[in-house]
Amino acid sequence: MTAKLSPVEYVRQHNAAAADAFTVLRKAVVAGPLDEKTCELIVIGALATSGEEGSLKVHARRLRALGTPVEEVRQAAMVTLAASTTFSQLVNGLRYIDEVYAEA
């Protein structure tokens, strides 16, 4: 069985230039004074608002790989409640985070 491709690698199968451009864009937007973990926590908060399960799980896995405790990742989603995230979006985000940490 072939391992599941990352989103970027999946796009690469169809359009390598688009995958490369996305990778360059992501590297450019995270370059700066914030560390990788902080950037990923910000992304988790934004993704909790959008409800995008796949992307949220990708970034939760990155945080898990960085050794970030699940409580910190949950808080990154939680702080968006009533600012930009609805209660049901938050619940879904927390579930996605818990599913990723349960994989470990």
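Let's start at Thr 68, which sits in the loop between α4 and α5, the latter covering residues 70–78. Keep in mind as you look around that this is a predicted model. Is Thr 68 buried or exposed? Its relative accessible area is 3%, and buried means under 20%, so Thr 68 counts as buried. Setting aside residues up to four places away in sequence, Thr 68 touches Lys 37, Leu 63, Val 73 and Tyr 101.

Now step back into helix α4 itself, where you will find Ala 60. With a relative accessibility of 0%, Ala 60 is buried. Which residues does Ala 60 meet, once neighbours within four places in sequence are left aside? They are Ile 44, Val 100 and Tyr 101. You have met Tyr 101 already, among the contacts of Thr 68. For a sense of distance, try Lys 27: this residue and Ala 60 are 33 residues apart in sequence, and their C-alpha atoms lie 18 Å apart in space.

Our last stop is His 59, another residue to find in helix α4, which runs over residues 53–65. His 59 has a relative accessible area of 9%, and the limit for buried is under 20%, so His 59 is buried. Not counting residues up to four places away in sequence, His 59 touches Arg 26, Glu 40, Val 43, Ile 44 and Leu 47. Look for Ile 44 in that list, since you have seen this residue before: Ile 44 is also one of the contacts of Ala 60.

Conventions
Residues are numbered from 1 along each chain as its sequence is written. This is a predicted model: local features need pLDDT of at least 70, side-chain atom pairs count only at pLDDT 80 or more; totals for chains, interfaces and linings use all residues. Side-chain values use heavy atoms; hydrogens and water are left out. Helices (H or I, at least four residues) and strands (E, at least two) are DSSP runs, numbered from the N terminus. Buried means under 20% relative accessible area, exposed over 50%, partly exposed in between (1.4 Å probe, protein chains only). Contact means heavy atoms within 4.5 Å.
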